[in-house]
Amino acid sequence: MTQKLTLRMALLYFTMLIEQERLTYWIDNFYGYGSWDAQIWYIGYEESGGDLPEDVAEKFNYLYDSQKTFETLCDIREVYRHVAFRSGGSKAGIVSNLYEYRFDRNATLHGVWKNLIAFAHGYRNEELTDVLAYQQQRFLLPDARKEALIKLYPLPCPHNHGWYYSWLDLPQLSFLKSRALYQDHVYNARIDRIVENIAAYRPQVVLMYGMDNINMLKQSVQKVFTDVSFKMVKAVKQQLPQYHHADLGGTTLLITTQIPALRHNRVETGFDWLEFGKTVR
């Protein structure tokens, strides 16, 4: 009973923090981090976070107050400076915001980013000596134009896949009542803009990871690249993930259901993302 009451109070607090105008602005304009001009695009399934309503509100507030639009991806270091660090553990009291947690001198290596960094180094045939130092100093820098981290779905969602947005009292945004309605509502506009930007900016490689709608994604790509065909490459256990490959007029597109991290910290669920990058080069 106490646990249910605590959850209900947390969700009510969530509704107090989230403003409709700022939430809508985020949905319409947040596409990710880095630069559209980057050589390598990583496209994740959805924006991370969402466990705490304060984190969500601070992200929404940053984008709305800065008036950044979809035409320019966000600088992740600037966004993270505006989101407080609220977790416990060894970093409690040492770091005050997500920028310090991921990019400052006391930074912690990100479980997904480390494999995305490895993939990029493999693809560029570059030596990877210190992953944490690269995360701190170079990863997703807009001016470097090396990588972009783009999100297919914009709203921050927690790891437990709970859908807290259904609690918001926003009749004009009825699609938030369920995750499925929300995804149906935003999918076409977002994937169309992403694929159109692939055609416009011509990155060297686009890695879509953690996807569970492979056939729909293929059809969306083929609306713009009408002659493209896909080849499925089978997984090699603990080496290479299964993926779907296509050549988009000089851009290599890779789509995989795999997430670049160990699932439940089990080594047998992981792959060699450095070798993956070398393989598709």
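A residue counts as buried here when its relative accessible area is under 20%. By that cut-off, both faces of strand 7 are covered. T251, L253 and I255 are buried on one side, and T252 and L254 on the other. The model is a predicted one.

## Overall build

The protein has 10 helices and 7 strands. Its C-alpha atoms fill a box of roughly 50 × 40 × 40 Å along the principal axes. A compact globule of 281 residues would have a radius of gyration near 19 Å, and the protein agrees because its own value is 19 Å. Of the 281 residues, 51% count as buried.

Contacts reach far along the chain. Among those with a separation of 6 or more, 70% link residues 24 or more positions apart. The exposed surface comes to about 14,000 Å², and carbon and sulfur atoms supply 47% of it. Charges are matched in number: 31 side chains are positive and 31 are negative. The centres of the two sets lie 5 Å apart.

## The sheet

Strands of a sheet pair through backbone hydrogen bonds, either parallel or antiparallel. In this protein, 7 strands form an open sheet with mixed pairing. The strand order is 1-3-2-4-7-6-5. Strand 1 (32-33) and strand 5 (231-233) are the edge strands, and each pairs on one side only.

Three of the pairings are set out below.

| Strands | Sense | Bridges | Facing residues |
|---|---|---|---|
| Strand 2 and strand 4 | parallel | 4 bridges | I40 and V205 |
| Strand 4 and strand 7 | parallel | 4 bridges | V206 and L253 |
| Strand 6 and strand 7 | antiparallel | 5 bridges | D247 and T252 |

Strand 2 covers residues 40-46, and strand 4 covers residues 205-208. In this pair, I40 stands opposite V205. On strand 4, V206 stands opposite L253 of strand 7. L253 is also one of the buried residues of strand 7.

Strand 7 runs over residues 251-255, and 5 of its 5 residues are buried. Its pairing with strand 4 is parallel, whereas its pairing with strand 6 is antiparallel. Strand 6 and strand 7 form a hairpin with 2 residues between them. G249 sits in the turn and has a positive phi of about 60°. Across the hairpin, the bridge partner of D247 is T252. T252 is buried as well, on the side of strand 7 that includes L254.

## Two sites compared

Q242 lies in the loop between strand 5 and strand 6 (243-248). Q242 counts as partly exposed because its relative accessible area is 37%, and that class lies between the 20% and 50% cut-offs. Beyond its neighbours within four places in sequence, Q242 is in contact with M232, V233, K234, A235 and T256. Of these, M232 and V233 fall within strand 5 (231-233). Q242 and L17 are 225 residues apart in sequence. In space, their C-alpha atoms are 41 Å apart.

N115 is found in helix 6, which spans residues 113-124. N115 counts as buried because its relative accessible area is 15%, under the 20% limit. Leaving aside neighbours within four places in sequence, N115 is in contact with P260, A261 and W273.

Methods: Residues numbered from 1 in each chain as written. Predicted model: local features only at pLDDT ≥ 70, side-chain atom pairs only at ≥ 80, totals over all residues. Heavy atoms only, no water. Rg over C-alpha atoms; globule rule 2.2 N^0.38 Å. Buried < 20%, exposed > 50% of the residue type's maximum accessible area, 1.4 Å probe, protein only. Contact = heavy atoms within 4.5 Å. Areas by Shrake-Rupley, 256 points an atom, 1.4 Å probe, with all protein chains shown as cover. Lys, Arg positive; Asp, Glu negative; His and termini not counted. Charge placed at Lys NZ, Arg CZ, Asp CG, Glu CD. Pairing = 2+ DSSP bridges.
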